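Visitor: I would like to learn how to read a protein model, one feature at a time. Could you walk me through this one?

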Amino acid sequence: WKLTIFLEEADVPYKVVPMDLGAGDQFAESFLKISPNGRMPAVYDPNMQMSVFESGAIMIHVADNYPGARWLLPVDPRPRAKVLEWLFWVNAGLGPMAGQASHFKYYAPILDKSADHQYGQHRYIKEFERLVSVMDRQLGNTGQFLAGPYSIADIAAYPWVKPWKRWIGKSLEASGYTNVQRWYDSIKGRPAENRGMAVLRKQAVASQAVRESGTLPDGALSTLFQKHADSKL
């Protein structure tokens, strides 16, 4: 939901096109023309007649080209560099590690019931925790947000921190991350967060419940996680 929150904050009109990942929509040639990696998110900008894939690149593209979004990415080189540092930190660290933590906790045991997944679960949960501790230290230095004022870096990080209590079993504050708890609460209370998180939420929650229940057909699971994939799309 990082992009819907971002676009709501920026007041930039958008249309969401749902995809069935279990059916392999992400590998369709029409989508690969927009997202060569076969992953979401990806956008087509009709005003500039171009496509952009990867959430960080999309945020930068919109912030640089749409006036309503420019307040979320400074133009001045110094504060801009700080925002980009933390945006790239999220996309290279927090996001991938949180994704792996979720995978080994909820999906790996379904995909391979005979394997011992304890190492993967421990490894990625601990790395997720480490990265949240980095956030907590940074927020202790900067105050309310990661790079100073509220920015695309905060929006990018927020959906990855949101499942903390579900994954860890206790709140951020109870875990000792009071700065991250304060940061999380301040974003959760924003009207644009409420609107952005509401986009396709019911469908997403229902799909997640089915995936985690292990009731998806084996073919859909294999497609979703590329269980039998080689190096070619």
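Visitor: Let me start with a single residue. In which helix is Leu 87 found?

Guide: Happy to help, and please keep in mind that this is a predicted model. Leu 87 is found in helix H4.

Visitor: Is Leu 87 buried or exposed?

Guide: The general idea comes first: in soluble globular proteins, nonpolar side chains tend to be buried together. Here, Leu 87 counts as buried because its relative accessibility is 0%, and the cut-off for buried is under 20%.

Visitor: Which residues is Leu 87 in contact with, apart from its neighbours within four places in sequence?

Guide: Those contacts are Gly 56, Met 59, Ile 60, Ile 152, Ala 153 and Ala 156. You can also look at the backbone: the C-alpha atoms of Leu 87 and Ser 55 are separated by 9.8 Å, with their positions 32 residues apart along the chain.

Visitor: What about Val 83, which residues does that one touch?

Guide: Val 83 is also placed in helix H4, and with a relative accessible area of 2% it is buried. Leaving out residues up to four places away in sequence, Val 83 touches Leu 72, Leu 73, Pro 74, Ala 147, Ser 151, Ile 152 and Ala 153. From C-alpha to C-alpha, Val 83 and Asp 154 are 8.8 Å apart, though 71 residues apart in sequence.

Visitor: Now the wider picture. Which residues of the largest nonpolar core touch the most other members?

Guide: That core has 56 residues, and the ones touching the most other members are Phe 6, Leu 94, Met 135, Ile 152, Val 180 and Trp 183. Helices H1, H3, H4, H5, H6, H7 and H8 each give two or more residues to the core. The largest share, twelve residues, comes from H4.

Visitor: Taking Leu 94 as an example, what does it touch?

Guide: Beyond the residues up to four places away in sequence, Leu 94 touches Trp 89, Phe 128, Leu 131, Val 132, Met 135, Ala 157, Trp 160 and Val 161.

Visitor: How do I read the burial pattern of a helix, and which residues of H9 are buried?

Guide: An α-helix has 3.6 residues a turn, so residues three or four places apart point the same way. In H9, the buried residues are Ala 192, Glu 193, Gly 196 and Met 197. Looking down the axis of H9, these fall within an arc of 125°, so they line one face of the helix.

Visitor: And what phi does Leu 200 take, just after H9?

Guide: As background, most residues other than glycine have a negative phi, and most peptide bonds are trans. Leu 200, however, has a positive phi of about 55°. Leu 200 sits in the loop between helix H9 and helix H10 and is partly exposed, at 34% relative accessible area. Together with Tyr 14 and Val 16, Leu 200 forms a nonpolar surface patch of about 210 Å² of accessible area.

Visitor: Where else should I look for backbone features like this?

Guide: Try Asp 11, with a positive phi near 55°; Asp 11 lies in the loop between H1 and H2 and is exposed at 67% relative accessibility. Gln 49 has a positive phi near 50° and is found in the loop between E1 and strand E2. For the peptide bond itself, Met 40 and Pro 41 are joined by a cis bond with omega about 5°, and Pro 41 lies in the loop between helix H2 and strand E1.

Visitor: Last topic: how many salt bridges are there?

Guide: Side chains of opposite charge can pair when their charged atoms come close. The count here is six salt bridges. One of them joins Arg 195 and Glu 8, whose closest N and O atoms are 2.8 Å apart. Arg 195 lies in helix H9 and Glu 8 in helix H1, so this pair ties together parts 187 residues apart in sequence.

Visitor: Which side chain meets Arg 80 in a salt bridge?

Guide: That is Asp 64, at 3.1 Å from N to O. Arg 80 lies in helix H4 and Asp 64 in helix H3, so the pair ties together parts 16 residues apart in sequence.

Visitor: How far apart in helix H5 are Glu 127 and Arg 130?

Guide: They are three residues apart, which means a separation of about one helical turn. Their side chains meet in a salt bridge, 2.8 Å from N to O. Glu 127 counts as buried at 16% relative accessibility, whereas Arg 130 is partly exposed at 42%.

Definitions and conventions: Residues numbered from 1 in each chain as written. Predicted model: local features only at pLDDT ≥ 70, side-chain atom pairs only at ≥ 80, totals over all residues. Heavy atoms only, no water. Core = buried A, V, L, I, M, F, W, Y, C linked by side-chain atoms within 4.5 Å. Buried < 20%, exposed > 50% of the residue type's maximum accessible area, 1.4 Å probe, protein only. Helix = DSSP H or I, 4+ residues; strand = E, 2+ residues; numbered from the N terminus. Contact = heavy atoms within 4.5 Å. Patch = residues over 30% accessible without salt bridge, like charges linked within 9 Å, V, L, I, M, F, W, Y side chains within 5 Å. Areas by Shrake-Rupley, 256 points an atom, 1.4 Å probe, with all protein chains shown as cover. Salt bridge = Lys/Arg side-chain N within 4 Å of Asp/Glu carboxyl O. Arc of directions from axis to C-beta.
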